[in-house]
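Subject: The model, plus my notes

Hi,

Here is the structure I promised to pass on. Have a look at it first, then read on.

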Amino acid sequence: MDQDSPVLFSRRGALAVATLNLPKALNALNLQMIDLLSTQLDAWAEDDDIAAVWIEGRGDKALCAGGDVVALYQQSTSYGEVPDYRYTTDFFSREYRLDYKIHTYAKPIVVWGGGIVMGGGIGIMAGASHRIVTETTRMAMPEITIGLFPDVGGSWFLNRMPGRLGLFLGLSGAQFNGADALFAGMADRIIAQDQRESVLQSLSVLDFVADCTVNHQLVGDCLKELELSPLQRPESALREHYDQIQQLTDFSTLPEVCAAVTTYQGVDKWLQRAAATLAGGSPLTPWIVWEQLRRARHLSLADVFRMELNLAVNLCASGHFKEGVRALLIDKDRAPKWQPASLGEMNSQQVADCFVGPWDSDHPLIDL
């Protein structure tokens, strides 16, 4: 394997290892990486000598900090321009196919989620059968800052968090740690960051068999033995703030929820950051989050990804994504000029249109 490849593949006995290999870019996911990983997962699925898969990011800073936002920015549409959906349809279709494949993979997939895990990284991690976090884990779905929405299956996993944590995290982009991920159902085990090699070694010498169900149990039991005790884990902000989050989101309309969060007057810095992020974010994203969670409540996983593809390409064509990325990552003035500028100026038809696919032919993910 070419050591300059953006994804490295290796084997340890019956354990196959995939390493995202762009550490300087915090292993941000581009199309080449998506295709390499997807193709290799297909090959490993058919290989009787492979019993389980391990996915990690090179270095200790990140599993994956998100998708290739700059490439998407270059192919997205400014306010008032005629949209071209080809690149965004291609990118998100391939990414969501990979995420769906991980969710539905028969063999155990273990994902080491140390460091930063955001956006596309959460997409890789969320569907794995065994999701490991560490004391260094920092997760978030911060798409509100760039006029996108919590995708990569967010409609599925945010709806399955306790109470209204999913709604709060989708609206606020709040960061959360490994202990939070356990509490929210986004991780299965928390293991010390410096134990990665030990975990890999322990998994590689398991007595795997031909039965995937048994192998899932073997992996699960192995990881349980290596987990940090409750006293060794970081504090969980989501657990600590759970009742307050429930109170702030306990309204029947989106404007009421947003008003409650953004006017938070307390001294808690974590909630202050959440309020500021929501207040400065895209006025379209909160409406999308509210509606995507409502619509997805009883959808299948495949239908979730089909709905999210509609949303992704339409938001990239709306002008909001282009403006959000410009302000945050291109010009870095952190002063997005949203059109319209406020939540109340968005109309319901603009939101509803985002859920309608722009393609004349069959849906690109019709075969999921």
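Below are my notes on strands, pockets, one helix residue and salt bridges.

Some ground rules first. This is a predicted model, so to speak of local features I kept to pLDDT of at least 70 and counted side-chain atom pairs only at pLDDT 80 or more, while totals for chains, interfaces and linings use all residues. Residues are numbered from 1 along each chain as its sequence is written, and side-chain values use heavy atoms, with hydrogens and water left out.

**Strands**

Helices (H or I, at least four residues) and strands (E, at least two) are DSSP runs, numbered from the N terminus. Two strands pair if DSSP finds at least two bridges between them.

There is an open sheet of four strands with mixed pairing, in the order β4-β6-β8-β9. β4 (62–64) and β9 (176–177) are the edge strands, each pairing on one side only. Inside that sheet, β6 (residues 116–118) and β8 (residues 138–140) run parallel and are joined by three bridges. Met118 sits opposite Ala140 in β8; keep Met118 in mind for the pocket section.

Then look at β7 (residues 130–133). It runs parallel to β5 (residues 109–113), with four bridges between them, and it also pairs with β10 in the parallel sense, over two bridges. Ile132 shows up in both pairings: it is the bridge partner of Trp112 and it stands opposite Arg189 in β10. In a regular strand the side chains alternate between the two faces of the sheet. In β7, His130 and Ile132 point one way and Arg131 and Val133 the other, and all are buried (under 20% relative accessible area; exposed is over 50% and partly exposed in between, with a 1.4 Å probe and protein chains only).

**Pockets**

The search ran on a 1 Å grid over the protein atoms alone: a pocket is an open set of points where a 1.4 Å probe fits, with protein on both sides within 12 Å along at least five of seven lines, whereas in a cavity the probe cannot get out; lining residues have an atom within 4 Å of a point. Grid points are joined across faces, edges and corners, and a volume is the space filled by probe spheres set on the points.

The largest pocket has a volume of about 1100 Å³ and a lining of 47 residues. Nearest its centre are Met118, Pro142, Thr145, Ile146 and Leu328. Which elements each supply at least two lining residues? They are α2 (69–75), α3 (86–103), β6, α13 (269–280) and α16 (320–330), and α13 gives the largest share, six residues. By class, the lining has 28 nonpolar, 13 polar and six charged residues (Ala, Val, Leu, Ile, Met, Phe, Trp, Tyr, Cys and Pro count as nonpolar, Asp, Glu, Lys and Arg as charged, and the others, Gly among them, as polar).

The second largest pocket holds about 240 Å³ of space. Its lining residues include Leu158, Arg164, Trp290 and Arg297. Two or more of the lining residues come from each of α6 (165–172) and α14 (285–296). The split here is six nonpolar, three polar and three charged.

**One residue in α1**

Ser38 lies in α1 (residues 31–46) and counts as buried because its relative accessibility is 13%. Leaving aside neighbours within four places in sequence, Ser38 is in contact (heavy atoms within 4.5 Å) with Leu98 and Lys101.

**Salt bridges**

I get 18 salt bridges, each a side-chain nitrogen of Lys or Arg within 4 Å of a carboxyl oxygen of Asp or Glu.

- Arg189–Glu227: the closest N and O atoms are 2.9 Å apart. This pair links distant parts of the chain, 38 residues apart, with Arg189 in β10 (residues 189–190) and Glu227 in the loop between α9 (212–226) and α10 (237–240). Arg189 is partly exposed, at 23% relative accessibility.
- Arg306–Asp303: 2.9 Å, N to O. They are three residues apart in α15 (residues 301–316), so about one helical turn separates them. Arg306 is buried at 18%, whereas Asp303 is partly exposed at 32%.
- Asp331–Arg326: again 2.9 Å, N to O. Asp331 is partly exposed at 47%, and Arg326 is buried at 15%. Both belong to a network of salt bridges with Glu323 and Asp333.

Cheers
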